[in-house]
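User: I should like to learn how to read domains, interfaces and salt bridges in a structural model. Could you take me through the features one at a time?

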Amino acid sequence: MSYAIEMENLRVSIFEKEILKGINLKVPEGTITALMGPSGSGKTTLLRVVNRLIDLIEGVKVSGTVKVFGKSIMDMDVYDVRRMSSMVFQMPNPFPHMSIYDNVVIGARINGVIKSKKEMDELAKWALEKAMLWDEVKGRLKDPPWRLSGGQQQRLCLARALALKPRLLLLDEPTANIDPVNTLKIEEALRNIRKEEGITIFMVTHMPQQAIRLADYTVMMYDGKVVEGGPTEEIAINPKHEVTKRFLRGEV
Amino acid sequence: MSYARVSSHDKIVFYSLVPPTLFVVLILMTLFLTQLYHSIPIFDVQGLLNTYTVNRWYPTQSPPELWKEPHYGLLPTIWGTIYVSGIAVLLALPLSISLAVFIEELLPRRFRGYMSSLVDLMAGTPTILFGLWGLSFLGPLLKEFFMEPAHEGLGFLPIFSCTPLSGTSILTAGVMLAVMIIPFMVAVIQESYKAIPVTYKEAAWSLGLTRFEYVRLNLSMIVPAIVSAVLLGLGRASSETAAVALVVGNIYALSFCMFSPTHTLTSIIAANFGEVEMYPYMRNALFAGGLFLLTFGMIINAMGIVLLRRIRF
Amino acid sequence: MSKRESKKTYFLRAKMSSIDSRLILGGALVLLVLIGAGIFLLSQPGGSTTTTPVRSPTPTATPTAPATTPTPIITPTPGLTPTPTAAPTTPAASPTPTVLAGGREVKILAAGATFLFPQMDTWAKEFRNKYRNIIIEYSSIGSGAGQARFLEKVVDIGATDPPLTPANLARAKQDPRGVIQMPVVIGAVTIVYNLPMVEGKLKLDGRIIALIYRGEIEKWNDPRIAALNPGAKLPDAPIVAVRRSDASGTTNIFTMFLFKSSEGAWERERVGVQPSWPIDQVAPARARAGRGNEGVAEIVRNTLYSIGYVEYTQAQVARLAMAQVKNAAGRFMDPTPETMMAAAAGAFRFFPANPDDDFNSAWESVVFAPGENSYPITSFSFLLFYKVYPKDKAEVIKEFIRWINTEGQSVMAPGYIPIPEEIRRYNLRWIELIREG
């Protein structure tokens, strides 16, 4: 089995405060892997190491090795690292000054890979369909994104991420601010994406139920360390670690 | 707590704020009305349209009954104001954007404070110092290293067509004003740039943009702020007086050539107001210039402020 | 995490220390700017009138009294017989009081011409040294405003470069407090230029200067200029004519000179503190204007091939080359205290019989005044007094008039020219006109 992400003894500190304390983790390719843990356990930081958004934080120091699709990202050009994956954030954040259409194709447009209008239209349609938003917006692609509901905006962000045709999709609690109906739609979309496109999905989630519904593998984090990891059923049915048990009971 | 108490408290706050607000509004109104009141006699004598569209400035002590044509036309000074501040804004805009982005993106965080202080210091420098600098340093420099080569090489262009004879010129005033308005434009652009929520910046980076593409995307997000910086800069440039009067040449003439002298609305007021009692109606003509400047400035600034408010993340 | 970035170390600076260092840096910057500005301003000769002491004419030297003025009063117009309202015999001989106004503090407000400010300031200080209880305050607000404030009677002394305009004089004479116009110092306008290649002094006459300021003489090597300056290396370069942008008594005198001396090249209607300039229509690119004498001097200094006109005082401070100007007798005169006093003395015969008569023709006549040694662009500056003052002030004003026309003429501010002896005597006669009331 090949791995999308491999981390070895990953340590991250910000202004001498250690956030991640020696992470060893492997995410198999083509799976949905959920990263769970209470607030402050370092989930979001871990996710941001994978596309090196962590570089933006002031005072950060990183050590250890991280490989994405077998390439050590510490030695690579940061822009290439970021192009290997794409990300959906906790807050829906479509660019407010661009139309729905432009938001979807911005990555492709800037990368300059796609030139013709037709190809661009096809890409937008494909991404919006995959994000299960096409039917809702096909008549108003020129509208500004803030005309959409929060859930629709988040699916637009998913479409924007997909339009880059990534092999790895990073999601940072994508449904934390979304209503239940939209949450289920996004989950369905993610399942399809994995199934139909074979994209590896690495997502942070706060909700054990979501991990159970969605993820093949689940990793449990606590206080900057991985305390437990494995197939989701195993962890859900038979948690070994005390923190996992309490987390599943909703106590932390 | 009861709603009644809250609202009565609010009322006290509200009513205590009414007088100062009214006061400020009244001051503004009197400012405008003063200009208008003192302008009216010249409109009566030579016509409102003539006052703003005639290219002739001929101070006279003779009574208006004897005037054969308008004596106080403001056209060249209006043109001078627009020309000079236009040059200023065109030069200042790219520099301001670059400086704002440089401070926000490239400068290590610990130096940003110093750089911002330096920019603020520039904004706080008495304008007359810029004027002296423009007169004694910038003017001769521009004449030697820009005006003369430009006239020789590109003299066929109308804007470079006249022989540069002195460091005081439309161009010098424009360049000096550009330097003077950069701090204000940088402040507006930098504030908006800084205010772009981090979640958009993360989204941009996560797309794998290069720094240049990333900056371009951010700038496109704050286009209204950039336009409003242009308008505020234009407002400032057109209202600057003391420094401009030192370098603009102060000649009443309508010229398209950058190396010519001109008068701006502010410089002609500053130049003539001292001994205005010697010439009947000149005073009113200068007030008419003030009226134009005030109206122009208010529109420009209001547009700038409205645009700035339109930015919503 | 590239190797380069991961090696970066960041320091969480203590908040206080970062604020301190910012303050220090900010302070240093401010200091730097201030020092820079200071050096810059000090290096500007125009920055302050006291930077370079200017050789003032030796006040003790007796002014060259032209032989043409044997008696102080000469009737200006034959039809009008002068009847001096008071005929004091020897006013200068009146005993100097040692205490004025019984030692009570008296404040005299004076306002007007900017040109008179340094001189009035000097006089006010010297006068205070003599009479500790007298304060003379001078506001430098311009000649026009000086006349206006005097007519509004909000000042005790008005000051103006040109005399009262006929309209203003009529108003002043109608007032029961009356008016005394008194020429107290001589002012002169010099023609300055920036032609480093020309050795010796440029010679110019009124007609050529007028044609330059009309825009009709375009280049320095114009044959009309060359004719006056044989042998001078006049460049084949356009002349930049520099003038005042603000309304100014200096411009008034200069344009009056052009009108009187240019044989019709300068119209009467272009004489004034802020006239219309023909060059603006002909060749605006060859014209420039600066604010104040300093502004003109600065532009001339920075502009090769320029010509300008500035007060004598300012031309000396700015160390600009001054042209010799042809006078009414056809001689090219340097601007010097002697030639200016000669011009003043030459104009004395045109003085009116009474101090509340129209002085305009007398003032005009000192410009381009007759006399072999007269510098042609010379004029007087006037103080305006009332004839009636409250008790204490009347006493102070009388003594002030006596003093500025006697001892005061030997404490001139740098660059200012005292008035000739006959004009002092003329002024002293009017002390007796001042009454209490």
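User: Let us begin with the whole assembly. How many salt bridges are found over all chains?

Analyst: This is a predicted model, and it should be read as such throughout. A salt bridge here requires a side-chain nitrogen of Lys or Arg within 4 Å of a carboxyl oxygen of Asp or Glu. By that rule, a search of the whole structure returns 47 salt bridges over all chains.

User: How should I read a salt bridge within a helix, and which residues of helix α3 of chain C form one?

Analyst: One begins with the distance between the charged groups and then asks where the partners sit. C:Lys125 is paired with C:Asp121, and their closest N and O atoms are 3.0 Å apart. Both residues belong to helix α3 (residues 117-130) of chain C, where they are 4 residues apart, about one turn of the helix.

User: Is C:Lys125 buried or exposed, and what of C:Asp121?

Analyst: The relative accessibility decides this, with exposed meaning over 50%. C:Lys125 counts as exposed because its relative accessibility is 53%. C:Asp121, at 29%, counts as partly exposed.

User: Which parts of chain C does the pair C:Lys153 and C:Asp175 link?

Analyst: The side chains of C:Lys153 and C:Asp175 form a salt bridge with an N to O distance of 2.5 Å. This pair links distant parts of the chain: C:Lys153 lies in the loop between α4 (143-151) and β3 (157-160) of chain C, and C:Asp175 in the loop between α5 (166-174) and β4 (180-193) of chain C, 22 residues apart. C:Lys153 is partly exposed, with a relative accessible area of 34%.

User: Where do C:Asp334 and C:Lys201 lie?

Analyst: The side chains of these two residues, C:Asp334 and C:Lys201, meet in a salt bridge at 3.2 Å, N to O. C:Asp334 is in the loop between β11 (332-333) and α12 (337-347) of chain C, while C:Lys201 is in the loop between β4 and β5 (203-204) of chain C, so the pair ties together parts that are 133 residues apart in sequence. Both partners are partly exposed: C:Asp334 has a relative accessibility of 23%, and C:Lys201 has a relative accessible area of 44%. Salt bridges may also share partners, as they do in one network that joins C:Lys130, C:Glu399, C:Arg402 and C:Glu407.

User: Let us turn to domains. Into which domains is chain A divided?

Analyst: A domain may consist of more than one stretch of sequence, as chain A shows: domain 1 covers 1-85 + 190-252, and domain 2 covers 92-165. The centres of these two domains of chain A, taken over C-alpha atoms, are separated by 27 Å. Their contact takes 6 residues from domain 1 and 5 residues from domain 2.

User: What is buried between these domains of chain A, and which residues of domain 1 lose the most area?

Analyst: Domain 1 and domain 2 of chain A bury about 520 Å² between them, with 61% of it on carbon and sulfur atoms. On the side of domain 1, A:Arg83, A:Ile193 and A:Glu197 lose the most area to domain 2, together 60% of what that side buries. The rule finds 2 salt bridges across this interface of domain 1 and domain 2 of chain A. A:Lys130 and A:Glu197 also meet through their side chains in a salt bridge, at 3.3 Å, N to O. Helix α7 (residues 180-197) of chain A gives the largest share of the side of domain 1 that touches domain 2, 4 residues. By class, that side of domain 1 of chain A has 3 nonpolar, no polar and 3 charged residues.

User: How does one describe an interface between chains, such as that of chain B and chain C?

Analyst: One may state the residues, the area, the polar pairs and the residue classes in turn. Here 37 residues of chain B are in contact with 47 residues of chain C. The area buried between chain B and chain C is about 3400 Å², and carbon and sulfur atoms give 62% of it. Across this interface of chain B and chain C the rule finds 0 salt bridges, while the count of residue pairs in polar contact is 14. The side of chain B that touches chain C divides into 23 nonpolar, 11 polar and 3 charged residues.

Notes: Residues numbered from 1 in each chain as written. Chains lettered and ligands numbered in written order. Predicted model: local features only at pLDDT ≥ 70, side-chain atom pairs only at ≥ 80, totals over all residues. Heavy atoms only, no water. Domains from an automatic or database assignment. Contact = heavy atoms within 4.5 Å. Buried area = accessible area lost by both parts, 1.4 Å probe. Helix = DSSP H or I, 4+ residues; strand = E, 2+ residues; numbered from the N terminus. Nonpolar A, V, L, I, M, F, W, Y, C, P; charged D, E, K, R; others polar. Polar contact = N/O pair within 3.5 Å; in protein donor to acceptor, adjacent residues only side chain to side chain. Buried < 20%, exposed > 50% of the residue type's maximum accessible area, 1.4 Å probe, protein only.
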